[in-house]
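Reader: Hello! I would like a close look at one part of this model, its interior. Please take me through how it is put together.

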Amino acid sequence: MMNFFSNFSSKCFLTCAKVLTLAYSCGLLVNPAAAASYPERPITVINPWTAGGPADTVARPVLEQLSARLGQPVVLENRAGANGTIGSAYVARAKPDGYTLLFSHVGPITISPAVQKNMPYDSTKDLAPITQIVSAPNVLVVRPDLPIHSLGEFVAYARSHPGELSYGSVGPGSTTHLAGEILSHQAGIELLHVPYKGAAPVITGLMGKEIDVAFLNAAGVKTYIESGKLRGLAVTTLKRSTMLPELPAIAEVYPGFEVNSWYGLMAPAGTPAPVIDLLQKNVAQILKTPEMVTFFEQRGLAPEGTTPQEYAAQIRKDLQRWQEGVQQAGLEPQ
């Protein structure tokens, strides 16, 4: 009888050992000792957008300092396509060991699930939030010949001219489009959406009086506002922008209104908590340095450095917000 139990226990131990070994090799579990010594080799951060774009501008200075702090190269690799979902899906399928990370963006993480059928990943189940790096406010701007000087006057004018005020966007389903739909719903107004193929044509359309208003990146319109070529009314983040502090947040009048084109850092789901915490702590400290604060504020961006829990809450809130915005816009997921 003793031999039976002895043999049984030995077989169970060997079986469990094989299962654990297989789990480690497949990335389902990560050796705690390996997590404690992280990082031991270069880290790759996937940028789901093309090289040389705004995401590169935000990511590279942060990753350079992160590399110096961790003592290992932190390399930015571009994997663009399908509105950012190709690179995001690549990270969602990667081994959860902290060596493949995602430079995340509001688009592929929270907007694409609302406008795209058959998403290749679940933003809340397949990816783990590390930290939100920056917030990027848009500004509600009007052409200066209109008798509109404030958000209140804008809403009043729109109500007295239903369907006559046109607003430009960089395309259907973009933040610049859905911002108009969400504000229209909250303020009880009717606007005419006019899609363009980029921010520059929208600005040209405003100054050429083809359209009346638009929601555009703060850094992209700051000089036009200061020169009087466009008139800024309000920003779309929950708090005022340090770049244009004189402009109120729309949320001051319509609580909860937020269109935040954030960037952040995420990892494959299952990445060990000590790795997540180490990365969050270092990035948050980097974002508090005076040079980083100045760098981002000059570009109309607000440094964040939120906790993984705060970033997860932002993602959940945005998923619901964009789903509602798409419904209000009458868009059908493609």
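**Inside the fold**

Author: Of the 334 residues in the protein chain, 51% are buried (under 20% relative accessible area with a 1.4 Å probe, protein chains only; exposed is over 50%, partly exposed in between). Please keep in mind that this is a predicted model, in which local features need pLDDT of at least 70 and side-chain atom pairs pLDDT 80 or more, while totals for chains, interfaces and linings use all residues. Residues are numbered from 1 along each chain, and side-chain values use heavy atoms, without hydrogens or water.

The protein chain has 12 helices and 11 strands (DSSP runs numbered from the N terminus, H or I of at least four residues and E of at least two). Among its contacts (heavy atoms within 4.5 Å) between residues at least 6 apart in sequence, 76% link residues at least 24 apart.

Let us start with the largest nonpolar core, which has 43 residues (buried Ala, Val, Leu, Ile, Met, Phe, Trp, Tyr and Cys joined through side-chain atoms within 4.5 Å). The members that touch the most others are Leu127, Leu140, Phe154, Leu183, Ile250, Tyr254 and Trp322. At least two residues come from each of several elements, including helices H4, H5 (106–115) and H6 (151–160) and strands S5 (138–142), S8 (213–217) and S9 (231–235). Helix H7 (175–187) and helix H12 (308–329) are on that list too, and H7 gives the largest share, five residues.

Leu183 shows how this core is knitted together: beyond four places in sequence, Leu183 contacts Leu140, Phe154, Gly188, Ile189, Phe215, Ile250, Tyr254 and Phe257. There is also a second, separate core of 33 residues, with Leu63, Val74, Leu101 and Leu265 among them.

H7 and H12 also pack against each other, at about 80° with axes 9 Å apart (lines fitted to C-alpha atoms over the stretch in contact, with angles from 0 to 180 degrees between N-to-C directions). H7 is therefore roughly perpendicular to H12 (65 to 115 degrees; under 35 is roughly parallel, over 145 roughly antiparallel, the rest oblique). H7 brings Thr175, His177, Leu178, Glu181, Ile182 and His185 to this contact, and H12 brings Arg321, Trp322, Gly325, Val326, Gln328 and Ala329. These residues divide into five nonpolar, five polar and two charged (nonpolar as for the core list plus Pro; charged Asp, Glu, Lys and Arg; polar the others, Gly among them).

Two smaller residues are also worth a visit. Glycine 232, in strand S9, counts as buried at 14% relative accessibility. Its C-alpha atom is 6.6 Å from that of valine 139, 93 residues away along the chain. Beyond its sequence neighbours within four places, glycine 232 contacts Val139, Leu140, Val141, Ile225 and Leu247. Serine 88, in helix H4 (residues 85–92), is buried with a relative accessible area of 1%. Leaving out residues up to four places away, serine 88 touches Pro48, Leu102, Pro108, Tyr121 and Leu127.

Finally, helix H3 (residues 54–70) and helix H11 (residues 290–297) pack at about 175°, with axes 11 Å apart, so H3 is roughly antiparallel to H11. Thr57, Val58, Pro61, Val62 and Gln65 of H3 meet Glu291, Met292, Phe295 and Phe296 of H11; six of the contact residues are nonpolar, two polar and one charged. Met292, Phe295 and Phe296 are the buried residues of H11, and their cover includes H3, strand S4 (127–135), helix H10 (273–287) and strand S11 (302–303).
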